[in-house]
Amino acid sequence: MTQSQGPAGAAPATVHGHAPTGFIRKYIFSLDHKVIGIQYYFLALSAVCVGMILSLAMRIHMVWPDASIPFFGAIKPEQYLTLMTMHGTIMVFFVLTTAPQSGFGNYFLPIQIGAPDMAFPTLNMLSFWTTFLSFAVMISAFFVAGGAPLSGWTNYPTLSAIPLAGPGEGLGEDLWLISIALFCVASMMGALNFITTTLDLRAKGMTLMRMPLTCWSWFITAILGLLAFGVLLAGGILLLMDRNLGTSFFVPGGLVVSGVPVQHSGGSPLLWQHLFWFFGHPEVYIAILPGMGVASQLLSTFSRKPIFGYKAMVYAMMSIGILGFMVWGHHMFMSGMSPYSAFAFSFMTMAIGVPSAIKTFNWLGTMWKGKIRFTVPMLFAIGFVSLFVSGGLSGPFLAQPAIDIPLHDTYFVVAHFHLIMGVAAIFGIFAATYYWFPKMYGRMMNDTLGKIHFVITFIGAYCIFMPMHYLGMAGNPRRYSQFTEVKYLAPLLPIHKFITYAAIITVSAQLIFLFNFFWSMKKGKKAAQNPWEATTLEWTTATPPPHDNFGGVTPVVYHGPYEYSVPGADKDYIMQTDPAPVPAH
Amino acid sequence: MGLALLLIIWLITFFSSYFFVAHAWWPHAISASAPYIDHQWHLTFVAMGVIFIMAQVTLGLFVWRFRDRGDTAKASYSHGNNKLELTWTVLTAVLFLGLNAIGSPIWAAERFQPADQGAMKVEVTGLQFAWYFRYTGADNKFGSTRPELEDASLGGLSALGVDPNDPTSKDDVVSGILELPVNTEIDLTLRSQDVIHSFFVPAMRFKQDAVPGLMIHMHFRPEQTGDYEIACAELCGLGHYKMHGIMRVVSEQDFQKWLAAREADKQ
């Protein structure tokens with residue numbers, strides 16, 4: 001990085017006028033990226049509550065199949081599959097895609113690059129309300145005749161293409177597809193906004209290589225979203241056509257379902273898998289990249305050290321983004337796809353482990369000789385690193401097709417993706433919440449409650465997901481509502497019970513977070529402008545930030561984002577807007 | 001807090017690793033290719049296990065060692081180290097891609113090669129929610145099937161829609177149990193009549209989706225007699241969890257006796 005000011009132009013101050021005063025324009029149909037960010041966050045918060053309750057009902061049903069659960073009653077096998085389908089769908093789309101990118105990205109990308117708002121505020125509002133509509137359509141699937149679909153979040157045809165193939169594959173399935181199509185449209189609108197904002201609205205001096213790593217992660221995630229969601233949208237529309245207009249993209253001829261011949265011919269179920277996973281694999285990185293950005297930002301801030309290898313971190317995220325589009329076939333080693341292509345997909349998948357390893361190394365390097373402050377956001381960032389390592393290292397097993405033969409579609413896979421794109425990403429969201437809450441609401445979250453929440457959630461997550469590896473090795477297939485029919489699964493039941501107990505405790509502990517969140521909003525300790533002594537632009541403005549983010553001032557940036565413990569400086573941090581010199585590096 | 005975190009991370013690492021090795025999780029393996037797959041698993045397991053323990057132990061150590069001690073000393077000012085970065089990158093690339101290179105021949109042997117000449121043909125058909133197995137009989141040919149003849153309620157050949165007018169179907173045998181002679185190469189044809197299923201035999205280290213519209217050819221060789229369970233590994237509807245079957249591996253003589261008895265039953 002050079003010390004000269006960057007070429008990026010200052011944001012046009014005219015795009016943002018006075019703040020609206022009416023309730024509806026201020027809080028509901030708001031054009032302010034901060035309000036929209038919070039709307040996304042609350043949408044994700046509602047979704048995660050639904051998703052978690054579904055998972056708890058599933059876990060209880062699996063080990064006590066006859067138990068009557070409040071609000072659910074005794075769960076039947078097909079209802080279990082519905083819960084599983086909706087759990088996966090809601091978590092992947094409405095939580096892991098929505099909170100880290102659309103929520104925090106919306107709120108903090110413009111502020112961190114010194115812009116007064118997103119490039120297209122109206123489009124931004126439209127993306128949120130389309131996402132909201134999508135969520136409403138998704139939830140409505142529970143209440144129609146036949147209920148929500150049972151074909152899993154991956155929704156493979158022909159199970160998902162033929163209404164007779166199972167309960168929930170009627171109207172519920174159509175609603176699922178419509179909801180996902182809406183979600184894709186919303187995500188692409190959001191992605192365009194993020195990309196344009198990052199490229200065009202950076203403040204004077206905010207070169208690309210001076211952006212906080214959070215901004216890089218949101219930027220790269222937006223590019224992934226723009227390229228990936230279009231393909232899922234196409235797939236979703238084709239499947240809707242197969243179901244309702246008599247086309248046969250995914251359904252071959254000669255099928256008989258429930259004794260009834262199916263009137264389709266010429267389609268291929270594998271086509272859906274290719275389209276789905278061409279989206280589905282980048283989606284994994286859409287969920288985790290913002291978490292990587294947040295972890296990097298926090299590990300540097302609370303170790304009071306510059307990030308180790310800033311450029312390597314940026315290039316690693318870029319390579320993860322690019323390679324992420326070339327690995328989708330590793331979900332399909334057992335699908336009947338050409339076994340030769342497995343060679344290419346497994347090679348690329350092993351290759352993607354390299355940039356992931358670079359990131360881990362650099363996070364450890366950032367803490368090395370640091371001066372670590374154990375704030376709650378830092379604890380979650382450290383937890384993120386631990387979970388990222390644990391979830392990541394099961395990848396190279398599944399990436400090798402020979403080892404994937406016994407492990408594919410078992411609990412080993414469930415353990416792998418939950419640790420990395422589920423729990424690690426959620427830790428990123430928690431870290432971001434505890435970190436930015438003071439900026440968003442002007443008050444600090446309670447420290448003690450935060451620490452208790454961290455410890456229970458961290459240990460709990462491992463207790464839930466680590467044993468699933470052992471189940472997978474023992475050959476326990478996923479998506480089974482009960483373990484009584486297949487004899488070799490019976491001895492594994494005690495492990496399932498342990499997991500269910502751990503899930504009940506861990507999910508209950510999230511009430512501590514919810515209480516802390518809402519209590520602190522009203523009663524928390526008043527936050528200073530820069531309570532964490534951090535360097536990026538959001539900490540240079542008022543708490544909470546004014547409507548135009550910087551109160552009529554356009555910030556000028558002089559440094560990279562992580563100038564901590566600069567020798568000779570009077571404090572241990574130099575803000576990005578501080579013209580004080582820093583040593584060349 | 002630093003010490004507490006170190007203890008938590010180290011204990012998690014210890015217990016996670018301990019339970020991986022404290023119990024023989026893998027089912028007893030009986031196929032010719034299983035030792036190669038298991039060997040590749042072990043190789044990967046050792047490599048990933050070492051990285052897992054090293055990374056977690058280092059993480060725990062760093063958070064404790066480099067905690068803020070409340071003194072006035074600043075943290076070290078460093079933006080990284082390109083040499084270390086490069087070393088790390090090259091090492092991981094060699095390890096990951098090397099593991100992949102070592103494992104590739106196993107996959108190639110499993111999936112690139114067709115079954116040996118003279119392998120015994122068995123057709124595996126999945127339908128909601130059962131597995132059907134068809135044997136060719138003496139002519140070594142499967143009779144043709146027609147979807148409009150399928151009637152699962154009649155079972156046997158009718159469940160698969162086998163055309164009774166096709167002369168090659170006369171000696172076909174359909175069974176709900178996968179009876180196989182030991183030490184014989186089996187030439188499998190996998191198909192499905194309705195939705196995707198996945199034919200999973202943990203003891204054989206074998207899994208392959210049965211896909212509507214596709215005839216997928218696979219091969220394997222069971223090397224020990226006994227009963228082994230077959231599970232469905234691809235979500236196929238509400239009865240997915242109970243779509244299972246038995247693979248019974250018997251001696252060549254017992255197999256011929258069984259097959260003859262099935263032929264006799266048909267008459």
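R248(B) is partly exposed, with a relative accessible area of 29%, where buried means under 20% relative accessible area, exposed over 50% and partly exposed in between, computed with a 1.4 Å probe on the protein chains only. This arginine is found in strand 10 of chain B, residues 244-250, helices (H or I, at least four residues) and strands (E, at least two) being DSSP runs numbered from the N terminus. R248(B) and G213(B) stand 35 residues apart in sequence, and their C-alpha atoms are 28 Å apart in space.

The model is predicted, so that local features need pLDDT of at least 70 and side-chain atom pairs count only at pLDDT 80 or more, while totals for chains, interfaces and linings use all residues. Residues are numbered from 1 along each chain as its sequence is written, chains are lettered from A and ligands numbered from 1 in the order in which they are written, and side-chain values use heavy atoms, with hydrogens and water left out.

Helix 7 of chain A was examined along its length. At 1.5 Å a residue, the 35 residues of this helix (residues 269-303) should span 51 Å, and its end C-alpha atoms are 50 Å apart, which agrees; the expected span is 1.5 Å times one less than the number of residues. A kink of about 30° nevertheless lies at I288(A), shortly before the proline P290(A), the bend at a residue being the angle between axes fitted to the seven residues ending there and the seven starting there. Of the 35 residues of helix 7 of chain A, 32 are buried, so the helix is largely enclosed by the rest of the structure.

The two ends of helix 7 can be described in turn. At the N-terminal end, S268(A) acts as a cap, with a side-chain oxygen 3.1 Å from the backbone nitrogen of L270(A); a polar contact is a pair of N or O atoms within 3.5 Å, of which, within protein, one must be able to donate a hydrogen and the other to accept it, and residues adjacent in sequence count only if both atoms are side-chain atoms. Towards the other end, S303(A), which belongs to helix 7 of chain A, is buried with a relative accessible area of 0%, and its side chain reaches the backbone oxygen of L299(A) at 2.7 Å. An α-helix has 3.6 residues a turn, so residues three or four places apart point the same way. Just after helix 7 of chain A, R304(A) takes a positive phi of about 55°.

Internal space was then considered, a cavity being a set of points, on a 1 Å grid over the protein atoms alone, where a 1.4 Å probe fits but cannot get out, with lining residues having an atom within 4 Å of a point. Grid points are joined across faces, edges and corners, and a volume is the space filled by probe spheres set on the points. By this rule there are 5 cavities of 30 Å³ or more, and the largest holds about 200 Å³ of space. Of the 19 residues that line the largest cavity, Q101(A), S102(A), S187(A), G190(A) and A191(A) are the closest to its centre. Helix 3 (77-113), helix 4 (121-140), helix 5 (171-200) and helix 6 (213-244) of chain A each give two or more residues to this lining, and the largest share, 6 residues, comes from helix 5. By class, the lining has 8 nonpolar, 11 polar and no charged residues, where Ala, Val, Leu, Ile, Met, Phe, Trp, Tyr, Cys and Pro count as nonpolar, Asp, Glu, Lys and Arg as charged, and the others, Gly among them, as polar.

The second largest cavity has a volume of about 60 Å³, and the residues that line it include P157(A), T158(A), R479(A), I196(B) and E234(B). Its lining divides into 5 nonpolar, 3 polar and 2 charged residues. Backbone features occur at some of these positions: the peptide bond from P157(A) to T158(A) is cis, with omega near 10°, and T158(A) lies in the loop between helix 4 and helix 5 of chain A. R479(A), in the loop between helix 14 (447-473) and helix 15 of chain A, has a phi near 65°, a positive value in a residue other than glycine, and is buried at 8% relative accessible area.

Methods. 1 Å grid on protein atoms, 1.4 Å probe; cavity = no way out; pocket = protein on both sides within 12 Å on 5 of 7 lines; lining within 4 Å.
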